[in-house]
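The report below describes how the helices of one chain pack together and where a few of its residues lie.

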Amino acid sequence: MAFATVHDRYSEADIASFYAAGLWRPETFFQFAGQQADRQPDKVFVTDGTTSLTYRELHDSALALAAGLRRLGISHGDRVSVQIPSWAEFTQISLALNRIGAVMVPIMPIYRRDDVGYVLQNAEVRTAITCGPFRNFDYPGMYRSLQPDCPGLRDLIVVRGDGSQPEDAIALQSLFTGARAGPDELGPGAGPDDPFVVVFSSGTTARPKGCLHTFNTFGCG
């Protein structure tokens, strides 16, 4: 599936005016996080009641995760779905994906097999990231049951698993380890006007519909 670009949607004059007005910026999501880590490294950026991350901790851990995801084979343009509760790991994952240029496909935790399967197929998801069993629902089991209908889905990554997930599932925490990756291994990442996220509608009256955003169109909205 080929994505449209901002040049398909906007004229060069429009794009120039967005930058001139400060509505769009030249920084990527990951670069913006790095700037904040330099300015206020010890300030807490995110907390979920269990885990808290300062700007520096967030930036450095996301960089480590980017290396782990890259070594798993995820590269620029790959779609990666993320279906987890409102946990601190979501920020680490979104930053890491942006650093390697992968496109995040967030899925609401309340979605179940039918809608999740549709999103995986429609977005051509390569890797799925989900949580371990949560609120009496087996998320990893759901994804494994969907895999025969989603041949492009290669890997399942589990956040805060309890050991009951499939044997071939990958624990997110294991991807933070390993040697530090250099720019050559991680690649250029995604620019602020490259595909950043595909957000699906709730699908109240019909199938969910995916809306593609760059970091600039996402942040400006």
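## Helix packing and selected residues

The axes of helix α3 (residues 29–39) and helix α5 come within 8 Å and cross at roughly 120°, where axes are lines fitted to C-alpha atoms, for helices over the stretch in contact, and angles run from 0 to 180 degrees between N-to-C directions. Helices (H or I, at least four residues) and strands (E, at least two) are DSSP runs, numbered from the N terminus. The helices α3 and α5 are therefore oblique to each other, given that angles under 35 degrees count as roughly parallel, over 145 as roughly antiparallel, 65 to 115 as roughly perpendicular and the rest as oblique. Phe29, Phe30 and Ala33 of α3 make this contact with Ser94, Leu95, Asn98 and Arg99 of α5, contact meaning heavy atoms within 4.5 Å. By class, the residues of the contact of α3 with α5 divide into four nonpolar, two polar and one charged; here Ala, Val, Leu, Ile, Met, Phe, Trp, Tyr, Cys and Pro count as nonpolar, Asp, Glu, Lys and Arg as charged, and the others, Gly among them, as polar.

The model is predicted, so that local features need pLDDT of at least 70 and side-chain atom pairs count only at pLDDT 80 or more, while totals for chains, interfaces and linings use all residues. Residues are numbered from 1 along each chain as its sequence is written, and side-chain values use heavy atoms, with hydrogens and water left out.

The chain has nine helices and nine strands, and its C-alpha trace spans about 50 × 45 × 35 Å along the principal axes. For 221 residues a compact globule would have a radius of gyration near 17 Å, and the chain, with 17 Å, agrees with this; the radius is taken over C-alpha atoms, and the globule rule is 2.2 Å times the number of residues to the power 0.38. Of the 221 residues, 44% are buried, where buried means under 20% relative accessible area, exposed over 50%, and partly exposed in between (1.4 Å probe, protein chains only). Among contacts with a separation of 6 or more, 70% are between residues 24 or more positions apart.

Two further helix pairs can be described in the like manner. The axes of helix α4 (residues 55–71) and α5 come within 8 Å and cross at roughly 60°, and α4 and α5 are therefore oblique to each other. Residues of this contact include Leu58, Ser61, Ala62 and Leu65 of α4 and Thr91, Gln92, Leu95 and Ala96 of α5, and by class the contact of α4 with α5 has 11 nonpolar, three polar and two charged residues.

Gln92, placed in helix α5 (residues 89–100), counts as buried at 9% relative accessibility. Not counting residues up to four places away in sequence, Gln92 touches Leu53, Leu58, Ser61, Ala62, Leu65 and Phe176.

The axes of helix α6 (residues 113–122) and helix α7 (residues 139–146) come within 10 Å and cross at roughly 55°, and α6 and α7 are therefore oblique to each other. On the α6 side the contact is made by Arg113, Val116, Gly117 and Leu120, and on the α7 side by Met142, Tyr143, Ser145 and Leu146; these residues divide into five nonpolar, two polar and one charged. Helix α7 is mostly covered, with six of its eight residues buried, namely Tyr139, Pro140, Met142, Tyr143, Arg144 and Leu146. The buried residues of α7 pack against β3 (79–83), α6, β5 (125–131) and β6 (155–159).

Three loop residues are set out in the table.

| Residue | Loop | Relative accessibility |
|---|---|---|
| Arg135 | between β5 and α7 | 74%, exposed |
| Asn136 | between β5 and α7 | 86%, exposed |
| Arg160 | between β6 and β7 (170–171) | 32%, partly exposed |

Arg135 has phi near 50°, a positive value in a residue other than glycine, and Asn136, although not a glycine, has a positive phi of about 65°. Arg160, leaving aside its neighbours within four places in sequence, is in contact with Asp48, Thr50, Thr51, Trp87, Ala88, Glu89 and Gly132. The C-alpha atoms of Arg160 and Met108, 52 residues apart along the chain, are separated by 17 Å.
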